[in-house]
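This briefing sets out selected features of one protein model for a structural biologist. Its topics are helix packing, strand pairing and aromatic pairs.

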Amino acid sequence: MSRAERSWQPSDDLPGTVGGPSALSMPDDWTLSTAWQRAQQESDDGGAINDAERVVALSDGDDYHRMLWALKSRTLVAECDCQGYHYNDGWCAHVASLWWQWVRGQIVVAHLDTGREYPAPPAWLSLDDDPTAYDHLPPAQLDAYLACDLGSFGVREFARYTERAAGTIGNLLTDAREKTEGRL
């Protein structure tokens, strides 16, 4: 079974969120926040649990925090079990730490819909976007749409990258465009 055919299931440890996980939202002054300063100063002794969850253990703290950290549609969904995450409307040192690690190429983030892994934020990433905006597209169509229409790949380049025929990618894009037209 390919990674794209598997579906992600949340662990029982994280609190359930009505309507699914929320998109990452950065506060206006996030670069001045204590959370951002901690993310840059402290090391993270945690690691990946599965494609969608990570443990974050900052070196200045005693606790391990389990987090959802993955791509969905064209956004990043994040959820942390710490009090700071809930108190600061989705922004905590653990979220900041994972963002800091990702933009520096130290962690890989999986896309829940397509199964593709990203060692850095992709060109099509849109924070605060609706995580369900592209639920109407099957994984292969979404993958092609994100890479070619919203990203920086050309059709032939993406075909070579995914080891598919250029015609297949073209068909996937045509179908995705038809299904998406007027919806977004």
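A residue counts as buried under 20% relative accessible area, as exposed over 50%, and as partly exposed in between. The model discussed here is predicted. By this scale alanine 166, at 25% relative accessibility, is partly exposed. Alanine 166 belongs to helix 6, with which the points below begin.

**Helix 6**

- Helix 6 comprises the 15 residues 166-180, for which a rise of 1.5 Å a residue predicts a span of 21 Å; the end C-alpha atoms are 21 Å apart, so expectation and model agree.
- Its buried residues are Ile169, Leu172, Leu173, Ala176 and Thr180.
- These buried residues lie on the same side of helix 6, because they cover an arc of only 100° around the axis.
- The exposed residues Asn171 and Glu178 are carried on the face turned away from the buried side of helix 6.
- Helix 4 (139-150) and helix 5 (155-162) are among the elements that cover the buried residues of helix 6.
- Glycine 182 follows helix 6 and has a positive phi, near 80°.

**Surroundings of alanine 166**

- Leaving aside residues up to four places away in sequence, alanine 166 touches Val155, Arg156 and Ala159.
- Alanine 166 and valine 155 are 11 residues apart in sequence, and their C-alpha atoms are 6.2 Å apart in space.

**Strand pairing**

- Strand 1 (residues 47-48) and strand 2 (residues 53-56) run antiparallel and are joined by 2 bridges.
- Strands 1 and 2 form a hairpin, with 4 residues between them.
- Within this pairing, alanine 48 has arginine 54 of strand 2 as its bridge partner.
- Strand 2 also pairs with strand 3 (residues 65-72), in the antiparallel sense and over 4 bridges.
- Glutamate 53 stands opposite leucine 68 of strand 3.

**Aromatic pairs**

- The whole structure contains 6 aromatic pairs.
- Tryptophan 99 and tryptophan 102 form an edge-to-face pair, because their ring centres are 5.8 Å apart and their planes stand at 80°.
- These two tryptophans, 99 and 102, are 3 residues apart in helix 3 (residues 93-103), so about one helical turn separates them.
- Both tryptophan 99 and tryptophan 102 are buried.
- Tyrosine 118 and tryptophan 124 are also an edge-to-face pair, since their ring centres are 5.5 Å apart and their planes are at 85°.
- Tyrosine 118 and tryptophan 124 are both buried.
- Phe153, Phe158 and Tyr161 are linked into a cluster by ring pairs.

Terms used
Residues numbered from 1 in each chain as written. Predicted model: local features only at pLDDT ≥ 70, side-chain atom pairs only at ≥ 80, totals over all residues. Heavy atoms only, no water. Pairing = 2+ DSSP bridges. Expected span 1.5 Å × (residues − 1). Buried < 20%, exposed > 50% of the residue type's maximum accessible area, 1.4 Å probe, protein only. Arc of directions from axis to C-beta. Contact = heavy atoms within 4.5 Å. Phe/Tyr/Trp six-rings, centres within 6.5 Å; stacked < 30°, edge-to-face > 60°.
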